[in-house]
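Please open the model in your viewer, with the sequence panel beside it, and follow the selections below in order.

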Amino acid sequence: MYVDKAYYLAPEGPMASDAYSVMREGMQGKAGIGKVAIHGREYLVAVKPHKQGMVMYTLHHAAEIRTIDQIDELREVRGKVNPAEMKLARQVIESIEGDLNLSDYKDEYQEGLRQIIDAKIAGEEIVAREDVEPPKVVDLMEALRKSLDQVSSGKKKTAKAEETAKKVTSIKAVKNGAKKRKAS
């Protein structure tokens with residue numbers, strides 16, 4: 001929650017390269033915390049070794065992060081769940097889990113925007129889509145059973161945001177509360 005942005009750090013020149021390598025190896029399993037000025041603004045940062053290089057993460061200050069206790073919607077979330085619901089949920093999750101490869105995920109917003117820009121350049125008329133009606137609230141147990149039946153019958157599909165939204169509709173996303181910074 002504290003991480004804002006990541007930057008690769010690289011040495012400047014052969015003399016700096018030796019010192020860089022020594023620091024990278026010396027920091028294995030650790031992170032350095034400090035401050036750095038970027039575009040005339042001071043940032044709290046963490047520096048960690050990563051493969052043959054180092055990565056610097058700009059961090060949010062603790063005062064910028066909302067605690068989970070400050071999220072009103074979470075106060076009404078039940079702490080204990082029905083064991084049958086939990087068992088069914090775990091079965092569904094186990095049936096669809098796999099190795100993570102983030103390159104499989106594309107920025108669909110950027111791709112759609114690029115298509116609109118290309119169409120506009122080509123002189124095509126752009127027509128806005130109609131807003132889709134929000135899905136109805138469904139029974140969680142029934143949704144889990146259907147999902148498990150679908151997976152077990154060999155109809156395993158890649159989860160899409162729309163399909164997920166149709167199944168579970170009463171969950172509300174809440175930002176972590178990090179304050180936006182102006183770029184200078």
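Begin by selecting Arg41 and Tyr43 with their side chains shown: in this predicted model, the charged end of Arg41 sits over the ring of Tyr43, at 4.7 Å from the centre of that ring. While the rings are on display, you may also look for pairs of aromatic rings, although a search of the whole structure finds 0 of them.

Now colour the protein chain by secondary structure, which comes to 5 helices and 4 strands. Reading from the N terminus, you should meet the elements in the order β-α-β-β-β-α-α-α-α.

Next, select the loop between β2 (32-38) and β3 (41-50), where you will find His39. What is the sign of phi at His39, a residue other than glycine? The value is positive, with phi of His39 near 55°. This can be set against a general expectation, namely that most residues other than glycine have a negative phi. His39 counts as exposed because its relative accessibility is 64%, the cut-off for that class being over 50%.

Move along to the loop between β3 and β4 (53-59), and select Lys51 there. Here again phi is positive in a residue other than glycine, with a value near 50° for Lys51. With a relative accessible area of 69%, Lys51 is exposed.

Keep Lys51 on display and add Arg24, which lies in helix α1 (residues 14-26). Is Arg24 buried or exposed? Arg24 counts as buried because its relative accessibility is 12%, and the class takes in values under 20%. To see what surrounds Arg24, select Pro49, Lys51, Gln52, Gly53 and Met54, which are the residues that Arg24 touches once those up to four places away in sequence are set aside.

From here, go to strand β1 (residues 3-9) and select Asp4, which counts as partly exposed because its relative accessibility is 31%. Add Tyr57 to the selection and draw a distance between the two C-alpha atoms: Asp4 and Tyr57 are 53 residues apart in sequence, yet 6.8 Å apart in space.

A second distance to draw is the one between the C-alpha atoms of His60 and Val3, which are separated by 6.3 Å although the two residues are 57 residues apart along the chain. His60 has its place in the loop between β4 and α2, and with a relative accessible area of 7% His60 is buried. For the chain as a whole, residues 24 or more positions apart account for 61% of the contacts with a separation of 6 or more.

Stay in the loop between β4 and α2, and select Arg75. Arg75 is exposed, with a relative accessible area of 55%. Leaving aside the neighbours within four places in sequence, Arg75 is in contact with Asp69 and Gln70, so these two can be added to the view.

The next stop is a pair of helices, α2 (residues 83-96) and α4 (residues 140-152), which pack at an angle of about 30° with their axes 9 Å apart. On the α2 side, the contact is made by Ala84, Glu85, Leu88, Ala89, Gln91, Val92, Ser95 and Ile96. On the α4 side, show Met141, Leu144, Arg145, Ser147, Leu148 and Val151 to complete the contact. With both sets on display, turn the view until one helix lies in front of the other; the crossing of α2 and α4 is left-handed.

Finish by showing the surface of the whole protein chain. The accessible surface comes to about 15,900 Å², of which 55% belongs to carbon and sulfur atoms. How much of the chain counts as buried? Of its 184 residues, 16% fall in that class.

Conventions
Residues are numbered from 1 along each chain as its sequence is written. This is a predicted model: local features need pLDDT of at least 70, side-chain atom pairs count only at pLDDT 80 or more; totals for chains, interfaces and linings use all residues. Side-chain values use heavy atoms; hydrogens and water are left out. Helices (H or I, at least four residues) and strands (E, at least two) are DSSP runs, numbered from the N terminus. Buried means under 20% relative accessible area, exposed over 50%, partly exposed in between (1.4 Å probe, protein chains only). Contact means heavy atoms within 4.5 Å. Accessible areas come from the Shrake-Rupley method with a 1.4 Å probe; for residues, only the protein chains shown count as cover. Rings of Phe, Tyr and Trp (its six-membered ring) pair if their centres lie within 6.5 Å; planes under 30 degrees apart count as stacked, over 60 as edge-to-face and the rest as tilted. A charge sits over a ring if NZ of Lys or CZ of Arg is within 6 Å of the ring centre and within 35 degrees of the ring normal. Axes are lines fitted to C-alpha atoms, for helices over the stretch in contact, and angles run from 0 to 180 degrees between N-to-C directions. A crossing is left-handed if the near helix is turned anticlockwise from the far one by less than a right angle, and right-handed if clockwise.
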